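Colleague: I would like to learn how to read the side-chain features of a model such as this one, taking them one at a time. Could we begin with the structure itself in view?

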Amino acid sequence: MVATGAGALGCRLWLLLVAVHWAAGARPCSPKYFGRDAMVCVCNATYCDTLDPVVLPAPGTYVKYESSKAGKRLERSEGSFQRSLRAPDLVLTVDTAQRYQEVKGFGGSLTDAAAVNILSLPETAQDHLLRSYFSEEGLEYNLIRLPMASCDFSLRAYTYDDVPFDYELKHFSLGDEDTKLKIPLLHRALAMSKRPLSLYASPWTSPTWMKTSESFVGKGTLKGQAGDKYHKTWANYFVRFLDEYAKHNLTFWAVTAENEPSAGLINNYPFQCLGFTAEQQRDFIARDLGPALANSSHRGIRLIILDDNRLHLPHWAKVVLEDEEAARYVHGIGIHWYLDFIGPIQDTVVPTHELFPDYFILATEACIGAHFWERDVILGCWERGNQYSHSILTNLNHFVSGWTDWNLALDLNGGPNWVKNYVDSPVIVDSSEGIFYKQPMFYHMGHFSKFIPEGSQRVGLVASKESKKTDLEYTAFLRPDGAVVVVVLNRSPQSITFGLADSVGLIAAVAPPSSIQTYLWQRQ
């Protein structure tokens, strides 16, 4: 609709007034409580909280976004740098001479389950959900991970060629889950995203006729060995997947060689898997997958190894990347967070980066509720947001170039999941009411994804001598536009006073108890 003349002017003035009223256009959270401090933001067909596009503040000033257990959700405020100030005990000083990894980005996974949940909402609510993640009025995710065929978060177990011994892949075809659910949603996300979206795909299982187990689940590897017809067919299956998506005008930034290859080495594994040892993955890449991708029309695609818990590092990377034949086809290493508590980052990721600095490391999957001792869904749980931010900060501060959440949206049970392996998600859909809840995890993700675009580079953020021991966790980035972003997490129940120093001056700051803040400013 195009309004003209006086009507347009009146319309514009009204919009301007509304914009001024909501801190220049942002719509506030519509809160709902599930117990004390357990708050979600409710969205439906007619209302959803939004953010403004990020605008750099004038030189000499900064903008701050804050979320807290007390109820703030990416609340924006502005302030000025002080030239001379009695500095607090703790001062964090930006040091752009210290340069680390470049950022690839942040995002989540469009599983069959996520797609079913999104599409179970009224269409305008679907749009609110997609805009919340991908548009300038939302978190501006730029990564989407896509399972190649089914995983546990599917309604059924299937692959794209379940016709036995079809080595020519004549019967290869995408499922309704792709053509009717995921592909239309991807096009809608792309249309509303200002940033380029990078898609990457991961297979859970091959067709059963290629597997030693002849089953989607349980312990099993590809039959035969690298270089044979099973391995060649499986490599060609990747190419066919990319071909079919290309027909739908969707191109992929990367594929992972296999989701959690160690899972298929475990007896009675409960859902789709395909086992590879590091040696088997090395040989499959060197002899089959690497050449198949290189000789396809998808030559520019990135190949990511591991895509499993970081516990396997640095061993897995050494096995694959010390082999010249395999290494030439590989670009990055994917890590999952599930066993982080028994594989400290200093013993796994750091030595891997030191050994192989030319390969990016990307966090490719994380969710809460996967462990048997965890409740599946806890609506409004601030602590789960803390767990996300703590993981993201730890990863970013140790050479990891981005972080991908698991399901973009789940139902109230944490599903659907065909083996009932329910977990939590930043967005929970209640389709019976036509509403969805944006959880604390959602806003924690936004403190990173919205403000640290692809191509940003981590820089030093040095704590003053007086106070090396602090409950604050923090990181700093230099964006491609030259602005600085600092994210500060306070998981403690106390408020913490600190200073943020840069060449521009000093910010006198306070991190409230149980809060996360993102600061953004221009350097002169």
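Modeller: Let us do so, keeping in mind that this is a predicted model. A good starting point is leucine 321, which, leaving aside its neighbours within four places in sequence, is in contact with Ile305, Ala327, Val330, Ile333, Phe356 and Tyr359.

Colleague: Which residues of the largest nonpolar core touch the most other members?

Modeller: Leu321 is one of them, together with Leu110, Phe134 and Phe241, in a core that counts 136 residues. The largest share of this core comes from helix H5 (residues 229-247), which supplies nine residues. There is also a second, separate core of 24 residues, and among its members are Ala463, Leu472, Ala476 and Ala511.

Colleague: Let me turn to the cysteines. How many disulfides are there, and which cysteines does each one join?

Modeller: In general, a disulfide is a covalent bond between the sulfur atoms of two cysteines. Here the count comes to two disulfides. One joins cysteine 29 to cysteine 41, with 2.1 Å from S to S, and this link is left-handed, with -105° about the S-S bond. The pair links distant parts of the chain, 12 residues apart, since cysteine 29 is in the loop between helix H1 (5-21) and strand S1 (31-33), whereas cysteine 41 is in strand S2 (residues 39-43). Cysteine 41 is buried, its relative accessible area being 0%.

The other disulfide is formed by cysteine 43 and cysteine 48, whose sulfur atoms are 2.1 Å apart.

Colleague: Why is the disulfide of cysteine 43 and cysteine 48 called right-handed?

Modeller: The torsion about the S-S bond of cysteine 43 and cysteine 48 is about 65°, and the disulfide is therefore right-handed. Cysteine 43 and cysteine 48 are both buried. When the bonded cysteines are counted along the chain, the disulfides follow the pattern 1-2, 3-4.

Colleague: What is the nearest cysteine sulfur to cysteine 151, and how far away is it?

Modeller: The nearest one is that of cysteine 367, 11 Å away, and cysteine 151 is in no disulfide. Cysteine 367 is likewise in no disulfide. As the cut-off for a disulfide is 2.5 Å between the sulfur atoms, a separation of 11 Å leaves cysteine 151 unpaired. Cysteine 151 is buried, at a relative accessible area of 0%, and cysteine 367 also counts as buried, at 4% relative accessibility.

Colleague: Next, the aromatic rings. How many aromatic pairs are there, and what arrangement do tryptophan 337 and tyrosine 388 adopt?

Modeller: The count comes to 39 aromatic pairs. Tryptophan 337 and tyrosine 388 form an edge-to-face pair, at 5.7 Å centre to centre and with 90° between the planes. Because tryptophan 337 lies in the loop between strand S11 (332-336) and helix H9 (345-355), and tyrosine 388 in helix H10 (residues 382-396), the pair ties together parts that are 51 residues apart in sequence. Tryptophan 337 and tyrosine 388 are both buried. Elsewhere, one aromatic cluster is formed by ten named rings, including Tyr160, Trp234, Phe241 and Phe284.

Colleague: Which charged side chains sit over a ring?

Modeller: Arginine 27 lies over the face of tyrosine 47, at 5.2 Å from the ring centre. The charged end of arginine 156 sits over the ring of tyrosine 158, 4.0 Å from its centre.

Colleague: And how should I read the salt bridges, beginning with how many there are?

Modeller: Side chains of opposite charge can pair when their charged atoms come close. In this model the count comes to 29 salt bridges. In one of them, glutamate 214 meets lysine 223, with the closest N and O atoms 2.7 Å apart, and lysine 223 counts as buried at 14% relative accessibility.

Colleague: Which parts of the chain does the salt bridge of aspartate 424 and arginine 384 tie together?

Modeller: The closest N and O atoms of aspartate 424 and arginine 384 are 2.6 Å apart. Aspartate 424 lies in the loop between strand S14 (410-411) and strand S15 (427-430) and arginine 384 in helix H10, so the pair ties together parts that are 40 residues apart in sequence. Aspartate 424 and arginine 384 are both buried. Finally, Lys64, Glu66, Lys72 and Glu75 are joined into one network by salt bridges that share partners.

Conventions:
Residues are numbered from 1 along each chain as its sequence is written. This is a predicted model: local features need pLDDT of at least 70, side-chain atom pairs count only at pLDDT 80 or more; totals for chains, interfaces and linings use all residues. Side-chain values use heavy atoms; hydrogens and water are left out. Helices (H or I, at least four residues) and strands (E, at least two) are DSSP runs, numbered from the N terminus. Buried means under 20% relative accessible area, exposed over 50%, partly exposed in between (1.4 Å probe, protein chains only). Rings of Phe, Tyr and Trp (its six-membered ring) pair if their centres lie within 6.5 Å; planes under 30 degrees apart count as stacked, over 60 as edge-to-face and the rest as tilted. A charge sits over a ring if NZ of Lys or CZ of Arg is within 6 Å of the ring centre and within 35 degrees of the ring normal. A salt bridge is a side-chain nitrogen of Lys or Arg within 4 Å of a carboxyl oxygen of Asp or Glu. A nonpolar core is a set of buried Ala, Val, Leu, Ile, Met, Phe, Trp, Tyr and Cys residues joined through side-chain atoms within 4.5 Å. Contact means heavy atoms within 4.5 Å.
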